Amino acid sequence: MRLSVFGVLAWLVFVAGVSAQAPDAAPSVAVDEVPMMAFEPTREEAVLEAYIDGVVAAYRRNNHIPAVSLSVVRDGKILFAKAYGYADEDTKTLASGQETLFRIGSVSKTFTWVAVMMLHERGLIDLDTDVNQYLKGMEIPAAFDAPVTMRNLMAHDAGFEDSFGVFVYGDEGDLTAGLKDTMPKRVYAPGARVSYSNWGAALAAKIVEDIAGMSYAEFLDREILRPLVMRRTTLDGPAAMNTALAENLAKGYRYEAGTYVSGEYMELGPFTPAGGMASTADDMAQWMLVLLGRGSHNGVALFTPETHATMLDALPHVPSMTSGFLTRNYHGVQTLGHPGATAYFLTNMTLIPELNIGIYVSQNSGGDRGLVMGLSDLVLDHLVGDNIERSPSDDPDFEAAAYAGTYFSNRRSFSKFEKLFSAPSVSTVAPAEGGALTVSNGAEVSRYAPVPGAGDTFEDRNGNQIVFLRNDAGKITHFVGHLGAHSHERVGFFSSPNFLNVAISAAVVFSLTAWLGAWRRQGRPANHTSIGGWINRFDLLSALMVFGFSGAALGVGAALSDLETLSSYPPLAVMVMRILGYGLFVIALLAIASLWPTWRQSGFSLWRRLHHSLFALALGALAAVLIIWNVIFSATA
């Protein structure tokens, strides 16, 4: 994932770290020891498989995807579990749906939530009790006069800020220690805002450990993977896998200069339960059958239908993460599931209970997300066809102006230096001609029409919905994105990245003109007093500080450009940037103080006085930005 200080931090890395495999974990076995049930596919099923084959072939060719792992289940059976392309481009090793492991990223969280519900069914976890009652060796600080509950963790609305801290661990580490070291600040009351949290999911895994009296890895193996005979699914990171599994783990690739270049696996440390598992298409088919089978499949019951109903049957028909699963309404058809990503791997699992169908797809390339995120929609279109509800149409009487404004993602740091790197996560909502809304994020612009009968709900032509929320006074405060995992806060100009961009741009422009002016005045007689000479030199020093800070910011962007290589946080470049930030703050104060002598004692022309004054104001605005965006006077990590 690439980012610069003002570039996109594509924060769909739903990550965590590594737990060692339990000593008594089942050894890997040959695929013929876990046979799929043989059956004769119907004509409809054969047509569906051929359709998916064609879709995958087109996406792989057009988007340079080396390999894809894919399975489809329906009506209690596996329609197919297969793989396409090469698991290893160098050796030309073909990928296998039964043997080749792909890293499934945050789809791992679905196992965590099922583990929680298994303990809930046994009366060991109350979903609405303060989680501090279950935690050993750590405690969630009190805030907002409201406790964090397991239901909050599952819904990702506990109110935690986000942090880079969970990305710096290698394939080792203790879960409790990692959670304590990276404990985020509580920035919203529980239930107030949805903000996807890897830390919160890892905390849920620790609660499983503390209640079960064994490591999460051991619980996962004993209670879920072994009973379901998911023998090629592991919580271990690549460096910790046994030889048999490691040899069958697909390599991750990026497409560069016309060829595939392999990359290092992301090491996820103690946060593995939130996103570090690896599995095969066949094993994930078994997992989908259990989830669609109300907790049971092939004689194995993880929990009862009643517990399944508590978890998944009563989910709202709007984007949400009520039980840890992303709930989405696609043209009137409700889907459940979870996407996932680690370096060079993208995955998505989608369940469509109405059709009793499940679709799992993973690819060993992090470039284009179109296949993993769009295949389930294409399958729905194929199966339902003309019977599917189409997108709402524009409403000329719709009052779009009430929703217009700048919205800032709540999945960010609020209290630490890294808040600066959330600046690209801004969306602009504006009225669209005809009675609709446009939502812009960078160069991406989507058009949303109001959904009849569903207040504050809007849908685009691809069936993606967003929902706006209001405060007690009826004013729009935020909206929830179409995946239900993120909320976006309505902000004013000075709290938005727009002010950040204006302040930095102005400081850079006046720094350039200060030096250009000095160059133009070379050799000319001085037309200023000695005070004016000092102010000229001060302007040049200020410009150098602005250039130095900008260069340091670019250095920080480079240092954080690949999260998989981030071995410690904060890197040295961050400390350099912060030191220069403090220097700029002092410079800005001196610049403001110099306005009086500039106008009274400098001997400058009107133009020079105006230039220095505007430069001083730009530096003052930049100083405000440094404070607002936590570059200075805030915790580093």
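Helices and strands here are DSSP runs, numbered from the N terminus. The model is predicted.

**Exercise 1.** Find how many residues helix H15 has, what follows the helix, and which of its residues are buried.

*Solution.*
1. H15 covers residues 606-628, which is 23 residues.
2. From first C-alpha to last, H15 reaches 33 Å, close to the 33 Å expected at 1.5 Å a residue.
3. Just after H15, Asn 630 takes a positive phi of about 65°.
4. Buried residues of H15 include Phe 615, Leu 619, Leu 622 and Leu 626. Arg 608, His 611 and His 612 are also among the buried ones.

**Exercise 2.** Place strand E20 among its partners and decide whether E20 is enclosed or open.

*Solution.*
1. Start with E19 (residues 465-470). It runs antiparallel to E20, joined by 4 bridges. Phe 468 has Phe 479 of E20 as its bridge partner.
2. Between E19 and E20 lie 5 residues of a hairpin, where Gly 474 has a positive phi near 90°.
3. Next comes E21 (residues 487-491), antiparallel to E20 over 3 bridges. Here His 478 stands opposite Glu 489.
4. This second hairpin has 6 residues between its strands, and Gly 484 in the turn takes a positive phi of about 80°.
5. Now check burial. A residue under 20% relative accessible area is buried. In E20 (residues 476-480), 5 of the 5 residues are buried, so the strand is largely enclosed by the rest of the structure.

**Exercise 3.** Trace the nonpolar surface patch to its helices, then classify Phe 547.

*Solution.*
1. The patch consists of Leu 512, Trp 515, Leu 516, Trp 519, Leu 544 and Phe 547, with about 640 Å² of accessible area together.
2. H11 (497-520) and H12 (530-559) each supply at least two residues. H11 gives the most, with 4.
3. Phe 547 lies in H12. It counts as partly exposed because its relative accessibility is 32%.

Technical notes. Residues numbered from 1 in each chain as written. Predicted model: local features only at pLDDT ≥ 70, side-chain atom pairs only at ≥ 80, totals over all residues. Heavy atoms only, no water. Expected span 1.5 Å × (residues − 1). Buried < 20%, exposed > 50% of the residue type's maximum accessible area, 1.4 Å probe, protein only. Patch = residues over 30% accessible without salt bridge, like charges linked within 9 Å, V, L, I, M, F, W, Y side chains within 5 Å. Areas by Shrake-Rupley, 256 points an atom, 1.4 Å probe, with all protein chains shown as cover. Salt bridge = Lys/Arg side-chain N within 4 Å of Asp/Glu carboxyl O. Pairing = 2+ DSSP bridges.
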